[in-house]
Amino acid sequence: EDWEGAVIAARGLRRQELLRVACGDLLGTIDQEQVGAALSDVAAAVLSAALVTATRKVEAERRGPLPVRLAVLAMGRLGGGEQGYSSDADVLFVHEPLEGVGDAEAAGAAHDLAHELRRLLALPAADPPLEVDAGLRPEGRQGPLTRSLASYAVYYARWSHVWEAQALLRAAPLVGDAALTGEFLAMAAPVRYPEGGLSEPQVLEIRRIKARMEAERLPRGVDPKLALKMGPGGLADVEWVVQLLQLQHGHELADLRTTATLPALRAAEAHGLLDPADAQVLRTAWTLVAHVRNALVLVRGKPAVSVPGSGRDLEGVARALGYPAESQGAFLDDYRRATRRARAVVERTFYA
């Protein structure tokens, strides 16, 4: 009944797994796709343990079983199986009242459970916290932390924007009630894979949002070309190309209906939606940037938004990626070349 201690113990096991994955990463025994999958599995295991613990704690406080079913769906990089060493756990909470239970009572219990899950995983401790971010929910941080399945269905049918359909492309089972998870994903399918694809105004809206993000979210004080996520040829460039193709063609092509970037990229190439040479350029850039982003966490002990232009951190990243000593200049040239080529593909395929 030491609820906090139980979750801190799970976080300690997570730290051991982070170290184990990092060793495989640095030694080159696993590639970046495997690193992302392993880190996502670790996060899912810790979330599962925390949900069991939070459920027992809330039931003890309420002196009885919870009157609600709760499912936690993975979103973002967690949903794609692409977690990095410093990634938050992006999730959606969905609940369903048990038979005979009122909506308000169920919503209150579900909120208590979701809140307790997040609190336990963020407690100060010697081991790193796992921040649970529910910001991709309808209405963002202004909306309720958890909604019923019916409430989600009404929202997506009446008020959702195209970017929310795009966010749902990453929705995947995580922990909690499996049947409710399946019901949510069935409800979300026509939203994220719209019949007939996107309209021209929706395509233009996605392009407009992407252009605005590039203008507003690039980190200040760094070389934009070295920004890992939002820089030219960075993670967002490749992912938005892939996600636009999923929104346009996912309804008709089953193997495009995946939450992971590289499998979706392979499917787009196989179906002729991308030229093989362009697909290879995007694949190379995405893999390299993901590798560099992870290496920076291992070198610095904390996340970074851009590749360092010089200094010990740059040398450390180059060595982590397998470059010999004193070859950080060659690594930086390779990085600039890969992302420059990827941006050229983005200009042709996303903004065309």
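Select Arg69 and Glu96 to begin: Glu96, in strand 2, is the bridge partner of Arg69. The model is a predicted one, in which local features need pLDDT of at least 70 and side-chain atom pairs count only at pLDDT 80 or more, while totals for chains, interfaces and linings use all residues. Residues are numbered from 1 along each chain as its sequence is written, and side-chain values use heavy atoms, with hydrogens and water left out.

Widen the selection to strand 1 (residues 68-74) and strand 2, which pair in the antiparallel sense over seven bridges; strands pair if DSSP finds at least two bridges between them, and strands (E, at least two residues) and helices (H or I, at least four) are DSSP runs numbered from the N terminus. Strand 2 covers residues 89-97, and seven of its nine residues are buried, that is, under 20% relative accessible area with a 1.4 Å probe and protein chains only, where exposed is over 50% and partly exposed lies in between.

Stay on strand 2 and add strand 4 (residues 146-148), which runs parallel to strand 2 and is joined to it by three bridges; here Val94 has Arg147 as its bridge partner in strand 4. Next add strand 3 (residues 132-133), paired with strand 2 in the parallel sense over two bridges, with Val132 as the bridge partner of Ala89.

Move on to Gln166 in helix 6 (residues 162-168). Is this residue buried or exposed? Gln166 is buried, with a relative accessible area of 6%, and, leaving aside neighbours within four places in sequence, is in contact (heavy atoms within 4.5 Å) with Ile206, Trp240, Gln243 and Leu247.

Now select Thr258, in the loop between helix 9 (235-249) and helix 10 (261-270). Thr258 is buried too, at a relative accessible area of 18%, and its side chain reaches the backbone nitrogen of Ala260 at 3.3 Å. Beyond its neighbours within four places in sequence, Thr258 is in contact with Leu169, Tyr193, Gln246, Pro263 and Ala264.

Finish at the second largest pocket, which has a volume of about 380 Å³. Of the 17 residues lining this pocket, Leu18, Tyr85, Ser86, Pro128 and Val297 are the closest to its centre. A pocket is an open set of points on a 1 Å grid over the protein atoms alone, where a 1.4 Å probe fits, with protein on both sides within 12 Å along at least five of seven lines, and lining residues have an atom within 4 Å of a point. Helix 1 gives the most to this lining, with five residues.

Conventions. A polar contact is a pair of N or O atoms within 3.5 Å; within protein, one must be able to donate a hydrogen and the other to accept it, and residues adjacent in sequence count only if both atoms are side-chain atoms. Grid points are joined across faces, edges and corners, and a volume is the space filled by probe spheres set on the points.
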